[in-house]
Amino acid sequence: MEGAMQTESKIRAESGTESGPRGPGCSLRHFACEQNLLSRPDGSASFLQAGRRYLHFGDTSVLAGVYGPAEVKVSKEIFNKATLEVILRPKIGLPGVAEKSRERLIRNTCEAVVLGALHPRTSITVVLQVVSDAGSLLACCLNAACMALVDAGVPMRALFCGVTCALDSDGTLMLDPTAKQEKEARAVLTFALDSVERKLLTSTTKGLYSDAELQQCLAAAQAASQHVFRFYRESLQRRYSKS
Amino acid sequence: MKETYKFWRFLLHHHSIKIFASFWIYTDLLIYLIFNICFRTVEPLEYYRRFLKENCRPDGRELGEFRTTTVNVGSIGTADGSALVKLGNTTVICGIKAEFGAPPTDAPDKGYVVPNVDLSPLCSWRFRSGPPGEEAQVASQFIADVIENSQIIHKEDLCICPGKLAWVLYCDLICLNHDGNILDACTFALLAALKNVQLPEVTINEETALAEVNLKKKSYLNIRTHPVATSFAVFDDTLLIVDPTEEEEHLATGTLTVVMDEEGGSGLTGAKLQDCMSRAVTRHKEVKKLMDEVLKSMKPK
């Protein structure tokens, strides 16, 4: 009844260059999303932000699995809502302190959106595995987590998406930067936005920037999130219309 | 309750009934207090909302008011630099030790700054002894990010001999009492301790290729920027309160920490984020003033 549904989408905010990498400006990379690809977790999704078209080189890809609502340890249970747990595994090496910090960010974002009150004294676990990292990793993790939660059927107040912005040394804004662009940037800002009113759920920034620049990046991210949410809607429509 | 109080106050005018009446007033007030305490325990969020409606908090602070901040610099004699910061009841002590190390192979002209935040069972019932829990790791990562992003010290300044020897600054932040807003206290303690660090002069003897340390000649670190953190707790998606206590952090629906570097920010109006920025700017000025006073008052070693 439910096989793996693959949806590819070419999303461009403005007309950029046709071939090769996109030019500077407000354009996101191509995305691809695959749901229900793992049989054991209650919900799973793989989110891919493509590098080069047709060649999987320079992609950022994250695989997410959701278990829940399930049994929770008595020490961790909360009497009136579900306990959310996020586990992030890096591509290479053992999880360290940076992963813990990102886990907390993703967990706080999910907690703001998931209707935990409907499943008290249970646990919802989101497991994320980084498959490849070519920039904008946290945003990709957030997108994968959202798609996996939808696939698992966890009740949510809204969908959420992650958008990364990078600021150049001369103040140029780049959305969805590659690893090279992130390294050379003066500041990298990641925002998690909700689908209902494009409100800011989470923001994490690295580097130096002025608050006018912050507002500018936030506005650009809100505009770009529209495309991500349209992609979510299309991919879910396609999946449910077939079965 | 008010009526009974008035009635007994009227009776107080008669001396004989004074003792009897004061007993009744005492029990009235006691019942009132117990009711308050019970309400606070059973419905903490409702209790808080009643205060927030009047734009104040149970401890008497305004929504935008910080707790009393005290800082004490140079109290640990065995450390190269130290500072103790108290934000109300939250107490964090930072000790910095400088040691020698080999510079990283991919950056041979840089030293290291290694922060570590330690949240032990001493500071709060929530923590258990053993490997650092999630909150401690997140706080350590936060401090590492602050050091990295604000460029508080240029790592090149810590290099003694490129490729061979560099300073490694181990910054240990130990929380002695956790009453909320750990991040602000840690950032402030780190900044004050770094300003207190004195490193001895090191020369490499060309003949023996060993490092010679001259303990008599010490110099302060070159602190380039002054990052100051301001934390906010979000209640019910609308209300923002500054410097939350542990209870408020627990009840809040979200938190936000802004780390402000030098005086920055233009006068924009509007977004809540912008209000936070302006509060962070004011806080930065307050903290800088306090720290300069403390460092000026210290006797030179």
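**A short note on chains A and B**

1. A good place to begin is Ile34(B), which sits in helix 2 of chain B, the helix covering residues 15–42. Please keep in mind while reading that this is a predicted model. With a relative accessibility of 45%, Ile34(B) falls in the partly exposed class, because that class lies between 20% and 50%.

2. Ile34(B) also has company on the surface. Together with Tyr26(B) and Leu30(B), Ile34(B) makes up a nonpolar patch whose joint accessible area is about 300 Å². The general geometry of helices is handy here: an α-helix has 3.6 residues a turn, so residues three or four places apart point the same way.

3. Now for a helix in other surroundings. Helix 5 of chain B runs over residues 182–196, 15 residues in total. From the first C-alpha to the last, helix 5 of chain B reaches 21 Å, close to the 21 Å expected at 1.5 Å a residue. Because 14 of its 15 residues are buried, helix 5 of chain B is largely enclosed by the rest of the structure.

4. Next, have a look at Gly133(B), found in the loop that links strand 4 (112–119) to helix 4 (134–150) of chain B. Gly133(B) is partly exposed, at 39% relative accessibility. If you would like a distance for orientation, the C-alpha atoms of Gly133(B) and Ile93(B) lie 19 Å apart, with their positions 40 residues apart along the chain.

5. Helix 4 of chain B spans residues 134–150, which brings us to the contact between the chains. Chain B contributes 14 residues to this contact and chain A contributes 15. Three residues of chain B, Glu134(B), Gln137(B) and Asn149(B), provide 36% of the area that chain B buries against chain A, more than any other three. Between them the two chains bury about 1500 Å², with 58% of that on carbon and sulfur atoms.

6. How many salt bridges are there between chain B and chain A? The count is 2. A salt bridge joins the side chains of Glu134(B) and Arg104(A), at 3.8 Å from N to O.

7. Finally, chain A as a whole. Chain A holds 4 helices and 10 strands, arranged along the sequence as β-β-β-β-β-α-β-α-β-β-α-β-β-α. Of its 243 residues, 49% are buried. Among chain A contacts between residues at least 6 apart in sequence, 66% link residues at least 24 apart. The accessible surface of chain A is about 11900 Å², and carbon and sulfur atoms account for 52% of that surface.

Definitions and conventions
Residues are numbered from 1 along each chain as its sequence is written. Chains are lettered from A and ligands numbered from 1 in the order in which they are written. This is a predicted model: local features need pLDDT of at least 70, side-chain atom pairs count only at pLDDT 80 or more; totals for chains, interfaces and linings use all residues. Side-chain values use heavy atoms; hydrogens and water are left out. Helices (H or I, at least four residues) and strands (E, at least two) are DSSP runs, numbered from the N terminus. The expected span of a helix is 1.5 Å times one less than its number of residues. Buried means under 20% relative accessible area, exposed over 50%, partly exposed in between (1.4 Å probe, protein chains only). Contact means heavy atoms within 4.5 Å. Accessible areas come from the Shrake-Rupley method with a 1.4 Å probe; for residues, only the protein chains shown count as cover. Patches are made of residues with over 30% relative accessible area and no salt bridge: like charges are joined within 9 Å, nonpolar side chains (Val, Leu, Ile, Met, Phe, Trp, Tyr) within 5 Å. A salt bridge is a side-chain nitrogen of Lys or Arg within 4 Å of a carboxyl oxygen of Asp or Glu. Buried area is the accessible area (1.4 Å probe) that two parts lose on being put together, summed over both.
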